[in-house]
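Student: Could we go through this model together, taking the sheet, the cores and a few single residues in turn?

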Amino acid sequence: MSASAVFILDVKGKPLISRNYKGDVAMSKIEHFMPLLVQREEEGALAPLLSHGQVHFLWIKHSNLYLVATTSKNANASLVYSFLYKTIETTDSKILQEYITQQSNKLETGKSRVPPTVTNAVSWRSEGIKYKKNEVFIDVIESVNLLVNANGSVLLSEIVGTIKLKVFLSGMPELRLGLNDRVLFELTGRSKNKSVELEDVKFHQCVRLSRFDNDRTISFIPPDGDFELMSYRLSTQVKPLIWIESVIEKFSHSRVEIMVKAKGQFKKQSVANGVEISVPVPSDADSPRFKTSVGSAKYVPERNVVIWSIKSFPGGKEYLMRAHFGLPSVEKEEVEGRPPIGVKFEIPYFTVSGIQVRYMKIIEKSGYQALPWVRYITQSGDYQLRTS
């Protein structure tokens, strides 16, 4: 790699971790890194390579830490940066925090303290974790990306899902998560009804990929606290959860009236929260007046939109909003065209794909009992409907 040493520094330039490869020269020079960085920032000439005499610093910043490689010769910069970024990718941020203390440290070559997690096979979880109450919280979150044309036809329809965990478990537990995965159901001879076909599945590094590839079991020793276990995608025809229709009436060249109807096309037992419908208006519109059957509307001139806000929108309901504007130039609006209507929402206790957590098994050698809690959320992603 041609690097003399690698350091992890805090935001003040204090070394937290060091790995010295070729003598002590780089150790004595690392103190010059932060003054050089500050000087370059003040000059507005910030670069990922800094030099002091014969020593060069190649660095990247991650959260509140600097990873710095030093070299006294012409190194392969691409290889060094690849190494630094790989270090970030394969080291859990919670483990890096083990190195960070409020006490001063004297760095000695070859005698740096290495947390047990770095030498363990499970580098993302520390040993000796203890909780009085052992719990796991599972959030299944699906974002709906949708594009509908002016004729009401769906041009793009996609579900992007993530499963996030908040883990408060003692010891070194093994978790097994069961989903209504269609491939698993086929392997085990179950009915494919109420199963989902997951695409582009990506896992946290803690998941045993070989086992998942073999029998679709999601087995892992989790990091402590919050993390994203997996993500997935479904390219499927999604019925628009909130359907929007709009009508624009022009009155000579002086004013325009926009009527918007919103309908909840999801099950009646569910409720969409925090609904925001962004309706584009001509850039030269003025003198806004609104009337809504529910919620409130406001004009945001810097964005050329009316935002209709509905705090609670039950499934199966229909609501109306009327907006009146003064409009000096209707012809100008014709030339500009109309941007699509955008919709934001969140529907708790509901997934549009039908994905379900069938079980969460928690196995730990001490045999304690733990409670898993599951929450489902569907929310808008890039959700747009074009108007005629």
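What follows is a set of questions with reasoned answers.

Tutor: This is a predicted model, in which local features need pLDDT of at least 70 and side-chain atom pairs count only at pLDDT 80 or more, while totals for chains, interfaces and linings use all residues. Residues are numbered from 1 along each chain as its sequence is written, and side-chain values use heavy atoms, with hydrogens and water left out.

Student: Which are the edge strands of the open sheet of nine strands?

Tutor: The sheet has the order β9-β11-β7-β6-β21-β19-β14-β17-β16, with mixed pairing, where strands are DSSP runs of E of at least two residues, helices are runs of H or I of at least four, both numbered from the N terminus, and two strands pair if DSSP finds at least two bridges between them. An edge strand here pairs on one side only, and that description fits β9 (199-203) and β16 (296-300).

Student: Which residue in β21 stands opposite Pro348?

Tutor: Strand β19 (residues 341-348) and strand β21 (residues 371-385) run antiparallel and are joined by five bridges. Strands of a sheet pair through backbone hydrogen bonds, either parallel or antiparallel. The residue opposite Pro348 in β21 is Ile377.

Student: What is the phi of Tyr349, and where is Tyr349 found?

Tutor: Most residues other than glycine have a negative phi. Tyr349 is not a glycine, yet its phi is positive, at about 60°. Tyr349 is found in the loop between β19 and β20 (357-363).

Student: Is Ser287 buried or exposed?

Tutor: Ser287 lies in strand β15 (residues 286-292), and its phi is positive, near 50°. Buried means under 20% relative accessible area, exposed over 50%, and partly exposed in between (1.4 Å probe, protein chains only). Because its relative accessibility is 54%, Ser287 counts as exposed.

Student: Which strand gives the largest share of the largest nonpolar core?

Tutor: A nonpolar core is a set of buried Ala, Val, Leu, Ile, Met, Phe, Trp, Tyr and Cys residues joined through side-chain atoms within 4.5 Å. The largest one has 70 residues, and those with the most contacts inside it include Ile163, Phe220 and Leu229. Its largest share, six residues, comes from strand β6 (residues 135-148).

Student: How many residues are in the second, separate core?

Tutor: This core includes Ala5, Val55, Phe57 and Val68. The C-alpha atom of Val55 is separated by 9.9 Å from that of Asn74, which is in the loop between β5 (65-71) and α3 (77-90). The number of residues in the second core is 14.
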